[in-house]
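The following exercises concern a structure to be examined alongside its sequence. Each task is followed by a solution in steps.

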Amino acid sequence: MTRSQPRRARGTVGHAYSALNLRLTLASFGLVIMVLFAVLAFWAGIAWLGVVCAIFAVVAVVDLVVIQRRRAARRREEPGVRHSLFE
């Protein structure tokens, strides 16, 4: 098992546990959308919805950090290998 995957995860170097590049793209999209929705909600005077969207934006940032750490570990384990969006 590689260190870029969680312990006891069903995956190998050839078949990864999750598509990290796709997760990175989706988390980035979620972050941008939630920040936009939070700003619009606060601007419209719906503070509770703005807070909920801001919390989801923070969750997206944490997910981005986790994904980047796993991608860095994968890069250390497989130097010079390029991965597509779905790997």
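A residue counts as buried under 20% relative accessible area, as exposed over 50%, and as partly exposed in between. The model used throughout is a predicted one.

**Exercise 1.** Determine whether Asp 63 is buried, partly exposed or exposed.

*Solution.* Step 1: locate the residue; Asp 63 belongs to helix α2. Step 2: take its relative accessibility, which is 27%. Step 3: apply the limits of 20% and 50%. Asp 63 is therefore partly exposed at 27%.

**Exercise 2.** Identify the salt-bridge partner of Asp 63 and place both residues in the fold.

*Solution.* Step 1: recall that side chains of opposite charge can pair when their charged atoms come close. Step 2: apply the cut-off, a side-chain nitrogen of Lys or Arg within 4 Å of a carboxyl oxygen of Asp or Glu. Step 3: the closest N and O atoms of Asp 63 and Arg 23 are 2.8 Å apart, and the two residues form a salt bridge. Step 4: the pair connects distant parts of the chain, with Arg 23 in helix α1 and Asp 63 in helix α2, 40 residues apart. Step 5: Arg 23 has a relative accessible area of 25% and is therefore partly exposed. By this rule, the count for the model is 1 salt bridge.

**Exercise 3.** Describe how helices α1 and α2 are arranged relative to each other.

*Solution.* Step 1: helix α1 spans residues 20–44 and helix α2 spans residues 47–77. Step 2: their axes come within 8 Å and cross at roughly 160 degrees. Step 3: angles over 145 degrees count as roughly antiparallel, so α1 is roughly antiparallel to α2. Step 4: the crossing of the two helices is left-handed. Step 5: by class, the contact of α1 with α2 has 21 nonpolar, 5 polar and 5 charged residues.

**Exercise 4.** Give C-alpha separations for Asp 63 with Leu 24 and for Phe 56 with Gly 30.

*Solution.* Step 1: Asp 63 and Leu 24 are 39 residues apart along the chain, and their C-alpha atoms are separated by 8.3 Å. Step 2: Phe 56, in helix α2, is 26 residues from Gly 30 along the chain, with a C-alpha separation of 8.3 Å. Step 3: the relative accessible area of Phe 56 is 49%, so the residue is partly exposed.

**Exercise 5.** Which residues does the UniProt annotation "transmembrane region" cover, and what is their helix content?

*Solution.* Step 1: the unreviewed UniProt entry places this annotation on residues 20–40 and 46–67. Step 2: residues 20–40 are 100% helix and 0% strand, with end C-alpha atoms 30 Å apart. Step 3: residues 46–67 are 95% helix and 0% strand, with end C-alpha atoms 32 Å apart.

Note on methods
Residues are numbered from 1 along each chain as its sequence is written. This is a predicted model: local features need pLDDT of at least 70, side-chain atom pairs count only at pLDDT 80 or more; totals for chains, interfaces and linings use all residues. Side-chain values use heavy atoms; hydrogens and water are left out. Axes are lines fitted to C-alpha atoms, for helices over the stretch in contact, and angles run from 0 to 180 degrees between N-to-C directions. Helices (H or I, at least four residues) and strands (E, at least two) are DSSP runs, numbered from the N terminus. Angles under 35 degrees count as roughly parallel, over 145 as roughly antiparallel, 65 to 115 as roughly perpendicular and the rest as oblique. A crossing is left-handed if the near helix is turned anticlockwise from the far one by less than a right angle, and right-handed if clockwise. Ala, Val, Leu, Ile, Met, Phe, Trp, Tyr, Cys and Pro count as nonpolar, Asp, Glu, Lys and Arg as charged, and the others, Gly among them, as polar. UniProt positions are given in the numbering used here, feature names are shortened, and annotations may be inferred rather than shown by experiment. Buried means under 20% relative accessible area, exposed over 50%, partly exposed in between (1.4 Å probe, protein chains only).
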